[in-house]
Amino acid sequence: MADSEARTPNGFLVFLGSAVAIAAVIVVVGWLLAKKPNVETVDARRAQQRIETREKLDQAAHEQLTTAGWVDKEKGVVRLPVGDAMKMVAIELAAKKPAPSQVKVDAPLPMPPPYDPNSKEPPISALPSSPQGADTIRFDPLPAPPAAAPAAPATPATPATPAP
């Protein structure tokens, strides 16, 4: 009879075994996370490459802006720093003597005489190319509408009577 009776588990041993199993899982996961290698992600590598490329381009641009050099030796085109170019232009302009300008300037259009408030004529247009009165808008009075004819009374339609 002793063999056929069901055994009841000891509650304390079940609790203790569960706690040990959970602690073991926590220790293993913590150890795996601590041992995880520091692998750079693709985005981090690409970001670093972009930063390096930008720094190289900035350095090349700074070098071109601050040093003199040939752009096209066959055509005789050079690049100069702005400060050096300004000094050269100042020396060149100081060597030139002032002269009258060679730029032709047309005389301004003549202005119409001031408007006389006592005049019965409209003022002259300020734009000589505009047709007379183009600067004035005149509204003619509307013609009177034609007399309305009396409306014919509406006659109701008579229904057709069927023939016998």
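Starting at the N terminus, the elements of this protein run α-α-β-β-α, which adds up to three helices and two strands. Helices (H or I, at least four residues) and strands (E, at least two) are DSSP runs, numbered from the N terminus. The model is predicted, so local features need pLDDT of at least 70 and side-chain atom pairs pLDDT 80 or more, while totals for chains, interfaces and linings use all residues. Residues are numbered from 1 along each chain as its sequence is written, and side-chain values use heavy atoms, leaving out hydrogens and water.

**The whole protein**
- Just 1% of the 164 residues count as buried; buried means under 20% relative accessible area, exposed over 50%, and partly exposed in between (1.4 Å probe, protein chains only).
- About 16,500 Å² is exposed, with 65% of it supplied by carbon and sulfur atoms.

**Helix α1**
- Helix α1 covers residues 11-35, and its end C-alpha atoms sit 36 Å apart, which agrees with the 36 Å that its 25 residues should span at 1.5 Å a residue. The expected span is 1.5 Å times one less than the number of residues.
- Hardly anything covers α1: the count of buried residues among its 25 is zero.
- Leu16 belongs to helix α1, and it counts as partly exposed because its relative accessibility is 40%.

**Strand β2**
- Val77 sits in strand β2 (residues 77-79) and is partly exposed too, at 36% relative accessibility.
- Leaving aside residues up to four places away in sequence, Val77 touches Trp70, Val71 and Asp72; contact means heavy atoms within 4.5 Å.

Terms used
Accessible areas come from the Shrake-Rupley method with a 1.4 Å probe; for residues, only the protein chains shown count as cover.
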